[in-house]
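Colleague: I am new to this model and would like to learn how to read it. Could you take me through it feature by feature?

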Amino acid sequence: MSLTNEHIKNRLVEKFGEALTNFEESHGMLSFHAPKELNLKVMQFLYDEEDLQFRFLSDLTAVHYPDQKGAELAVVYHLHAFVPNVRLRFKVFTDIQAPQVFTASQLFSTANWMERETYDFFGVDFVGHPNLIRILNVDEMDYFPMRKEFPLEDQSRVDKDDEMFGRGGSVGI
């Protein structure tokens with residue numbers, strides 16, 4: 001039997017019930033949301049079950065949703081089952097004021113560096129991580145550069161006129 005997204009979803013719902021939400025399929029990849037308290041249990045289940053075998057964490061990152069109060073940061077996991085060559089994605093959401101999520105570094109060694117990078121750029125505190133320090137930015141940084149907390153342009157600049165860049169104003173030669 002080949003591993004299908006429907007089978008994966010059924011197994012997850014059978015195990016976790018209504019705790020997992022927002023199941024969808026995009027470009028053949030199953031995606032869903034899990035409570036942050038269940039991130040390790042979901043990954044362990046997907047890893048251990050013989051009919052699933054999601055034993056490789058191919059990517060881990062975060063996304064900042066500034067308009068989602070209380071769930072501004074999403075930690076995104078991409079898992080891969082090698083034998084059937086199936087991938088899935090799931091997200092856990094956390095409050096930006098207390099961005100704690102359990103580390104996956106004990107289950108997937110690849111999580112170690114990816115969690116450090118995610119901490120460095122988004123400020124997610126991976127509880128239980130063996131060495132959660134900045135990996136790419138300088139230690140003196142007191143902010144997280146991938147969060148959408150800063151304006152994209154300095155609105156007070158006078159040397160930047162939109163007409164010079166072909167935006168707005170009069171058009172003509």
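**Reading the model, step by step**

Modeller: Let's start at one residue: K9 lies in helix α1. Here helices (H or I, at least four residues) and strands (E, at least two) are DSSP runs, numbered from the N terminus. Please keep in mind that this is a predicted model, in which local features need pLDDT of at least 70 and side-chain atom pairs count only at pLDDT 80 or more, while totals for chains, interfaces and linings use all residues. Residues are numbered from 1 along each chain as its sequence is written, and side-chain values use heavy atoms, with hydrogens and water left out.

Colleague: Is K9 buried or exposed, or something in between?

Modeller: The relative accessible area decides this: buried means under 20%, exposed over 50%, and partly exposed in between (1.4 Å probe, protein chains only). K9 has 31%, so it is partly exposed.

Colleague: And which residues is K9 in contact with, leaving aside its neighbours within four places in sequence?

Modeller: Contact means heavy atoms within 4.5 Å. On that basis, K9 is in contact with F23 and L30. You can also compare positions along the chain and in space: K9 and E24 are 15 residues apart along the chain, and their C-alpha atoms are separated by 9.6 Å.

Colleague: Let me follow L30, then. Where is L30 found?

Modeller: L30 is found in strand β2. With 4% relative accessibility, L30 counts as buried. Setting aside neighbours within four places in sequence, L30 is in contact with N5, I8, K9, F23, E24, R87, L88 and R89. For the last of these, the C-alpha atoms of L30 and R89 are 6.3 Å apart in space, though the two residues are 59 apart in sequence.

Colleague: Now the chain as a whole. How many helices and strands does the protein chain have?

Modeller: There are 3 helices and 7 strands. Read from the N terminus on, the elements run α-β-β-α-β-β-β-β-α-β. The protein chain has 173 residues, and 38% of them count as buried. If you take the contacts with a separation of 6 or more, residues 24 or more positions apart account for 52% of them.

Colleague: How should I read a pair of packed helices?

Modeller: Two packed helices are described by the angle between their axes and the distance between the axes. In this model, α1 (residues 5-16) and α2 (residues 39-48) pack at about 130°, and their axes are 11 Å apart. That makes α1 oblique to α2. The axes are lines fitted to C-alpha atoms, for helices over the stretch in contact, with angles from 0 to 180 degrees between N-to-C directions; under 35 degrees counts as roughly parallel, over 145 as roughly antiparallel, 65 to 115 as roughly perpendicular and the rest as oblique.

Colleague: Which residues make the contact?

Modeller: From α1 they are I8, R11, L12, K15 and F16, and from α2 they are K41, V42, F45 and L46. By class, this contact has 6 nonpolar, no polar and 3 charged residues. Ala, Val, Leu, Ile, Met, Phe, Trp, Tyr, Cys and Pro count as nonpolar, Asp, Glu, Lys and Arg as charged, and the others, Gly among them, as polar.

Colleague: What are the buried residues of α2?

Modeller: They are N39, V42, M43, F45 and L46. Down the axis of α2, these buried residues fall within an arc of 160°, so they line one face of the helix; the arc is that of the directions from the helix axis to the C-beta atoms. The buried residues of α2 pack against α1, β2 (29-34), β4 (73-81), β5 (86-94) and β6 (100-102). Take M43 as an example: it counts as buried at 0% relative accessibility. Beyond its neighbours within four places in sequence, M43 is in contact with Y77, L79, F90, A104, L107 and F108. M43 and A104 are 8.2 Å apart, C-alpha to C-alpha, with their positions 61 residues apart in sequence.

Colleague: One last feature: what about phi?

Modeller: Most residues other than glycine have a negative phi. N22, in strand β1 (residues 21-26), has a positive phi near 55°. H27, in the loop between β1 and β2, also has a positive phi, near 55°. N22 is partly exposed at 47%, whereas H27 counts as exposed at 84% relative accessibility.
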